[in-house]
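Welcome! Let us walk through this structure together, one step at a time.

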Amino acid sequence: MMTLPPLSPEQEHEWALQQRALDIEGGRADAEPVPVSYRLVARALREPLPIGLPAGFARRIARRAERAALLDARWPQRWIVVLLLVLSALVVAGFMLEGAGWLAGLLAALPSLPRLFNGWGLLLLLGIGAARWPLVRGASSGKQ
Amino acid sequence: MNADRVLVEAVLARRAGAFERLVAEHQGLCWHILQRLVRHPEDTRELCQETFLRVHQYLHQYRYESALKSWIGRIAYAVGLRHLEKKQVPLLESDTGEAADLALLQESDGFDLETAWADAQLRERLHAAIDALPPLQRTLLTMYHLDELAIPEIAQICGLPAGTIKSHLFRSRLRLRELLQNRLGVCA
């Protein structure tokens, strides 16, 4: 339906008359004998459409498009916030469901802490304390 | 660098006022295409807005293979077509073979141009007849006559073969001529 066959020779002749009328009305050709009805058609078709563009259309559209583009650019930032919130919610849910088990495991590990104060652990703490001692003394004498 | 490229690059670089300039340059063609396709003023305004929002969104995909005017016109035409499909308005009448009676027409139709043009009622009828053409034909006529686009440019906008555009233009102008001749009673 959309594709039409080419014009016949008679129709091509009529087409030439239509084009001549268009050229005359467009000021691209001198007036010559062509059907007046074609000149009327060409003249009517060159008239502006009954409803024109609203005033300030270009400015309004430009503002709207720029605003829409800005919103588009904000989407990635919003996704990051949403993902962080989801992650935080998962962590909270994890603690609520498994927190008791994790706490029990932590408390079970606590009795082994005193072992730090024997042998190498105690030696390490004494070493650190000795190294820090002059600094601590200097700071306290400076304050006085 | 051609004017299209300068303008497109300015819009893509988000230079102040560039997109407004692009809209101002091409709004007339879009308005004509959409008004002729859908006719309803409010729909025309909304579809024209939609067209330029799409242009802004997809301008980075424009590859300079056709004039910017044709690329924007194609978007407007596609937006208008989709609207007509939604409203179930046919783009074209099923019978397009009305151009067979050429023998009835004469080269000279024997009335005075300026007298006929001064007849307000005749002009009104002529405009009503243009408006009553199927959406595709009245849109093609407006692009060809009012926007002065060449047939290959119209073919790019509508995605139809140039020969088909020519046939539609021919048939619709012939139909308008027949109407005028019947109205003025000078048909041979």
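A good place to begin is chain A, where 17% of the 144 residues are buried. Keep in mind as you look around that this is a predicted model. Chain A holds four helices and zero strands, and, read from the N terminus, its elements follow the order α-α-α-α.

Now let your eye move to the place where the two chains touch. Here 46 residues of chain B are in contact with 40 residues of chain A. On the chain B side, the elements that give two or more residues are helix 2, helix 3 (41-58), helix 5 (113-118), helix 6 (120-132), helix 7 (135-145) and helix 9 (162-184). Which of them gives the largest share? That is helix 9 of chain B, with eleven residues. Taken by character, the residues on the side of chain B that touches chain A divide into 24 nonpolar, 15 polar and seven charged.

Helix 9 of chain B deserves a second look, together with a partner from the other chain. Helix 1 of chain A, which covers residues 9-25, packs with helix 9 of chain B at an angle of about 75°, and their axes are 10 Å apart. Angles of 65 to 115 degrees count as roughly perpendicular, so that is how helix 1 of chain A and helix 9 of chain B lie to each other. From helix 1 of chain A, the contact is made by A:Gln11, A:Glu14, A:Trp15 and A:Gln18, and from helix 9 of chain B by B:Phe170, B:Arg173 and B:Leu174. These contact residues divide into three nonpolar, two polar and two charged.

Let us finish inside chain B, with another pair of helices. Helix 2 of chain B (residues 18-38) and helix 4 of chain B (residues 68-87) pack at an angle of about 25°, with 9 Å between their axes. Since angles under 35 degrees count as roughly parallel, helix 2 of chain B is roughly parallel to helix 4 of chain B. The crossing of helix 2 of chain B with helix 4 of chain B is right-handed. Helix 2 of chain B brings B:His26, B:Leu29, B:Cys30, B:Ile33, B:Leu34, B:Leu37 and B:Val38 to this contact, while helix 4 of chain B brings B:Lys69, B:Ile72, B:Gly73, B:Ala76, B:Tyr77, B:Gly80, B:His83 and B:Leu84. Sorted by character, the residues of this contact are ten nonpolar, four polar and one charged.

Technical notes: Residues numbered from 1 in each chain as written. Chains lettered and ligands numbered in written order. Predicted model: local features only at pLDDT ≥ 70, side-chain atom pairs only at ≥ 80, totals over all residues. Axes fitted to C-alpha atoms, helices over the stretch in contact; angles between N-to-C directions. Parallel < 35°, antiparallel > 145°, perpendicular 65-115°, else oblique. Left-handed = near helix turned anticlockwise from the far one by under 90°. Contact = placed C-beta atoms within 7 Å. Nonpolar A, V, L, I, M, F, W, Y, C, P; charged D, E, K, R; others polar. Buried ≥ 20, exposed ≤ 12 C-beta atoms within 10 Å, placed from the backbone.
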